[in-house]
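Colleague: I am new to this one and would love a friendly tour. Could you show me the model and then take my questions?

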Amino acid sequence: HFRTITGEEEGFFAWLAANYLSGVDLTRIGLGDPLPETVGALDVGGGSAQIVALPTSAYWSDTPVHSLEALRALVYVKSYLGYGASHMEARMLREKAAAAKLGAKLAGDNPCGFMGKVETVEGVVLTGTGDHPTCLRDMRAQLTALQAEDGSELRMPPELEGRAFLGMALLYHLTHFLSVAVPERLTGFPRSTVAEISGATTEVCGWRWEKVVE
């Protein structure tokens, strides 16, 4: 029988993968060894985002973990549907198009697009300006609006604070692209700081679309 795995299952498998890549051996679960120190996973895809980690309280439990299934019950998994990069971008572009129409215009700017990149959204031609600060501001506004609409709170749970996390999916693809495009900016890759990523993103966002295509 075949079925689509649930968001919780997907998150758990991503967490297992993150730990495997970090050198954490979880194959000995159930053999009497104590729980190893694990990393969490931050997964941002096209349609959703996930936070997955083993809470600190799991290490305080007197109940032994005899299997991966029992371990899965302890792992914190939270999926945020609609918070993926593609969904958030589409949401912002629709808002830009609606604002242009409200002003009786059929053209507008897209601060999150590479300079000169043109795309048509709901009959409105949006041209990329590569304005990183404005893009960041607009995306934050979209996140705030979406949280208000669906009642979500996109924050790190207190029980996961202090844990190390591995960025997956688009978080990795973005930083890897930046490390190739501007290696001098991301000297710490794959453990780049937020400041390094922000600086590299600001520079690359200002590139003309023709340069990116080449």
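Modeller: Gladly. This is a predicted model, in which local features need pLDDT of at least 70 and side-chain atom pairs count only at pLDDT 80 or more, while totals for chains, interfaces and linings use all residues. Residues are numbered from 1 along each chain as its sequence is written, and side-chain values use heavy atoms, with hydrogens and water left out.

Colleague: How many disulfides does the structure hold?

Modeller: A disulfide is a covalent bond between the sulfur atoms of two cysteines. Here it is taken as a pair of cysteine sulfur atoms within 2.5 Å. Cys-112 and Cys-135 form such a pair, with their sulfur atoms 2.0 Å apart. The number of disulfides in the structure is one.

Colleague: Which parts of the chain does that pair link, and how many residues apart are they?

Modeller: Helices (H or I, at least four residues) and strands (E, at least two) are DSSP runs, numbered from the N terminus. Cys-112 sits in the loop between strand E4 (107–110) and strand E5 (118–121), and Cys-135 lies in helix H4 (residues 132–150). The pair thus joins distant parts of the chain, 23 residues apart.

Colleague: Is the disulfide of Cys-112 and Cys-135 right-handed or left-handed?

Modeller: The handedness comes from the torsion about the S-S bond of Cys-112 and Cys-135. That torsion is about 105 degrees, so the disulfide is right-handed.

Colleague: Is Cys-135 buried or exposed?

Modeller: Buried means under 20% relative accessible area, exposed over 50%, and partly exposed in between (1.4 Å probe, protein chains only). Its partner Cys-112 has 22% and is partly exposed. Cys-135 has a relative accessibility of 16%, so Cys-135 counts as buried.

Colleague: Why does Cys-205 have no bond to the closest cysteine sulfur?

Modeller: The closest cysteine sulfur to that of Cys-205 is in Cys-135. Cys-205 stays unbonded to Cys-135 because the gap is too far for a bond, at 6.2 Å.

Colleague: Which residues does Ser-179 touch, leaving out those up to four places away in sequence?

Modeller: Ser-179 belongs to helix H5 (residues 170–181) and is buried, with a relative accessible area of 14%. Contact means heavy atoms within 4.5 Å. With residues up to four places away left out, Ser-179 touches Leu-186 and Phe-189.

Colleague: Stepping back, how many helices and strands are there in the chain?

Modeller: From the N terminus on, the elements run α-β-β-α-β-α-β-β-β-α-β-α-α-α. In the chain there are seven helices and seven strands.
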